[in-house]
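Me: I have a model open and want to go through some of its strands. Can you take my questions as they come?

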Amino acid sequence: MPTPRLLIIGLDCMEPSLVFEQWRQDLPNLDRLMRQGSYGRLESSIPAITVPAWSCMMTGRDPGELGIYGFRNRRDRTYDSMAISDGRAVKFPRLWDILGEAGWQVAALSVPGSSPPYPVNGSLVSCFLTRSMDVPFTHPPELADQIRTWLPDFMMDVPNFRSDEKQRILENLYTLCDQRFTLAEKLIDQDAPDFLMLVDMGVDRIHHAFWKPMDPRHPQYEPDSPYANAIHDYYVHVDQRVGELLNRCDDDTAVLVVSDHGAQPLMGGICVNEWLIANGYLTLKETPAEPVALDQVEVDWSQTKAWGAGGYYGRIFLNVKGREPQGTISMADYEKTRDELAEQLSQLTGPQGEPLHIKAFKPQQVYQKVRGVAPDLIVYFDDLAWRSVGSVGLNSFFTVENDTGPDDANHAPYGLMIFHDPKQPQQGQMLEGAQLYDILPTLLGHFGITPPAGLRGKHLPV
């Protein structure tokens, strides 16, 4: 058997247009995998964000089935219960769990949604959600000491990547990337696992920190910046590390390179709660004199029908009688109010009156099941080119700044996949209509393992 039989290189947020078109000639290792295998855009989950997208990919379940609707989720129906969802929220087996059950030796390195670590048939290193290096971050636990020996300054993420410390961020990015690939190489050499998966978060972080200098489409384009080539050069570096990792693998190793979503220039922010206030849905007891988070002001819940949360996409929650503590909307009026809100949002135009192509999704219509406390509406502003800003006190529906720190990019609804099995070469086959949910059934089917019942995805012709 080859070692590993299956290698997955996860590149969080890697943008298909940059790999497939703009820079393909500068990425020889990815280009070779494309020429010899299958590749295409990969439609992400709704919402198209790291948490929950990787967990959706690895379980074949959608955010509604997982009950994970974003990085932060409502724990209950109270008004201030937003909390981070870590891996304990994922109640379905992931790819490496299923392979482990089938007797494969596995290694899963820094896959988002894998913190805290838990027992697997092999090794697991938890993800960027790990609170600090002082808590357990590996299975088995002794692997942590070995990692510290191999990589003494092991990082879980780029600290404070939304800041103006650009040179420090860039250095951290390369360190993070090199550590992930080096750890993968060392575990292949030491353990010869049947399956190995790593995820590099650096691609995502470099987009958020350095998109302005790269892209003339960005409203704050910085053409003379010394960082104009930062993203390009990082992609070239990642490609080089991909090639070096493949050299550690056998000639028959099947390889999947995959991203959970794409990236695009951040055109601005829609101040969702300001809009809700102006349209009579949200009432504050006092208007703040400067921008602050909604949970830092007093809301008059007895006069409030809806409120929103900021992030890459908009989440709107309705204040429903018998459901929320001070609900104002009767269940009889719930759907009418939800439809009315979606319709009004769809009419919102940009600062110069330009259309924003707003999509408001109802969880019950886009998910197979709805668990936990879902938003009542999930809103994409111009296919995520505009982010949602939850702060109040801005006195505008629009802002050019992100209220959580400097940010150059937003997510895009399509990531990418490149799959090559040397035993079944596909000679550059373009995949159409691929979705993130297809990854699990495709890989299991490819290796003759019966997928669990109830998966959302299909088997792709790779």
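**Strands and sheets**

Reply: Sure. This is a predicted model. E12 and strand E13 (residues 314-318) run antiparallel and are joined by 4 bridges.

Me: Which residue in E13 does Ala306 stand opposite?

Reply: Leu318 is the residue in E13 opposite Ala306.

Me: And what packs on the sheet there?

Reply: Helix H11 (residues 334-346) does, with contacts to E12, E13, E14 and strand E15 (377-380). The direction of H11 makes about 150° with that of E13.

Me: What is the strand order in that sheet?

Reply: The order is E12-E13-E15-E14, an open sheet of 4 strands with antiparallel pairing. Strand E12 (306-309) and strand E14 (359-361) each have a single partner strand, so these two stand at the edges with one side lacking a neighbour in the sheet.

Me: How much are neighbouring strands turned against each other?

Reply: By 25° on average, with direction ignored.

Me: Switching to E8. Buried or exposed?

Reply: Buried: 6 of the 6 residues of strand E8 (residues 195-200) are, so E8 is largely enclosed by the rest of the structure.

Me: Which residues sit on which side?

Reply: Phe195, Met197 and Val199 are on one side, and Leu196, Leu198 and Asp200 are on the other. In a regular strand, side chains alternate between the two faces of the sheet.

Me: Which strands pair with E8?

Reply: Strand E1 (residues 6-11) runs parallel to E8 and is joined to it by 6 bridges. Strand E5 (residues 106-109) also pairs with E8 in the parallel sense, over 4 bridges.

Me: What are the bridge partners of Ile8 and Leu109 in E8?

Reply: Ile8 has Met197 as its bridge partner, and Leu109 has Leu198.

Definitions and conventions. Residues numbered from 1 in each chain as written. Predicted model: local features only at pLDDT ≥ 70, side-chain atom pairs only at ≥ 80, totals over all residues. Heavy atoms only, no water. Buried < 20%, exposed > 50% of the residue type's maximum accessible area, 1.4 Å probe, protein only. Pairing = 2+ DSSP bridges. Axes fitted to C-alpha atoms, helices over the stretch in contact; angles between N-to-C directions. Contact = heavy atoms within 4.5 Å.
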